[in-house]
Amino acid sequence: TMFASEPLYRFDYLSNNYVNSNVLPDGGLNKTAMYSSVTSSTYGKFYYDTMGNPISIRNRVVLMPNQNSLFNYFMGVRYVLTGEQQVPYGYEPIFRRNGYVLAENPDVLPMCYGTDKVLLQEKAERGGISEFPKTLAQLCGVSAEAQNPEELFEEAFPTVYDESVQGKHTLHLKETLKDKVLAISFHIDRKDDRQVLININGMVNNLSSWYAPYPNENYDFTYVLSDSAGLSELEIAMSRGRYNIEDIKVYTLDIPTAEAQDIAVPTLAEDFQANGSDIFQGIVTMKQDGYFVTSYPYKKGFQILVDGKAQKAEKVNTAFVGFPLEKGKHSIQISYKAPGFAAGAALSAAAMAMLLLSQIIVFLRKRKREK
């Protein structure tokens, strides 16, 4: 915790990410991952469909962190715990122990900030999953450039797989991509009932079998790939089965930087510590009229005070809480109370009171009979 101590940012476990999906880091830091049946469906769609994170196991309920550098930038993942050979693009090791590395990237967005650049819900790009790099580029403030796979790679991208075809391929890029992200999407046309696993540079997508207890229906695979030394090749490993790869889309995107966004980073109130209901309290100075945006997934129950006055939460950046904010210095408080919490607490209190009363009545009747 002494190394990962900035409360406006997040911490994710990349090592054993499935096992650690519900493990909270010390120090009150937030994370992006969760394995829960009550996870926000809006955030789940953002996680997979907008950001292009791979669905790497048999269901899409588990949200597991990975090396998607654009997602990590947007969500403010400043710290990651990973293996020595799996440090993502943009991160530098700050602590090592027993084969694990704590790495930091200070050039990611904070979890909340002031800006005049915001993607409102109604203005979001609404393409299919194969168009996800366009929305990804909008959110991160970079451009997405479509590429022709035949012109980008020395070898042909594999499109047909059956039992007689080699399941491993190496595709060399004609030019090394430096300070770039490669976004790839394609559709799986399955010819049998088996699961399909395709691993590209360590990033895995999974289409569960027809007979899986919770089929993920992940027919469209997405990958967001980068390399600190420059991306020069793709190592592709394909599971056994009979399937075709169709509608291959490839984009290159620049690596975004928080500094280039010209954002207003808030200052937390002294001694403030987030808990289950109090999320943020601090000061921000807006350089011009804009929005205070967050990466807190939007849902009913958020309560916002701006300079002591209630402010309505809006859905911004396709899935998150934000609200308009005028130029100047502002005090902001954000808290969350689950809808129906007060009514539920009242019902629980009434039920406890009735239970207590019934026990008292039983006790008094017993005493009366004894007398």
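Take the contacts in this chain between residues at least 6 apart in sequence: 68% of them join residues at least 24 apart. Keep in mind that this is a predicted model. The chain is built with 24 strands and six helices, and one of those helices, α3, gets a good share of the attention below.

**The chain overall**
- Of the 371 residues in the chain, 45% are buried.
- The accessible surface adds up to about 19,500 Å², and carbon and sulfur atoms account for 50% of that.

**Nonpolar cores**
- As a rule, nonpolar side chains in soluble globular proteins tend to be buried together.
- Here the largest nonpolar core has 62 residues, and the members touching the most others are F46, F74, F292 and I334.
- Helix α3 is the top contributor to this core, supplying five residues.
- A second core sits separate from it, with 26 residues; L152, I184, I200 and Y223 are among them.

**Around I334**
- Leaving aside residues up to four places away in sequence, I334 touches F280, F292, F302 and F323, plus Y296, I279 and I304.
- I334 also touches S277, D278, T294 and Q303.

**Helix α3**
- What makes α3 largely enclosed by the rest of the structure? Seven of its nine residues (the helix runs over residues 132-140) are buried, so the remainder of the structure largely encloses it.
- The buried ones in α3 are F132, P133, T135, L136, A137, L139 and C140.
- Just past the end of α3, G141 adopts a positive phi of about 70°.

Definitions and conventions
Residues numbered from 1 in each chain as written. Predicted model: local features only at pLDDT ≥ 70, side-chain atom pairs only at ≥ 80, totals over all residues. Heavy atoms only, no water. Buried < 20%, exposed > 50% of the residue type's maximum accessible area, 1.4 Å probe, protein only. Helix = DSSP H or I, 4+ residues; strand = E, 2+ residues; numbered from the N terminus. Core = buried A, V, L, I, M, F, W, Y, C linked by side-chain atoms within 4.5 Å. Contact = heavy atoms within 4.5 Å. Areas by Shrake-Rupley, 256 points an atom, 1.4 Å probe, with all protein chains shown as cover.
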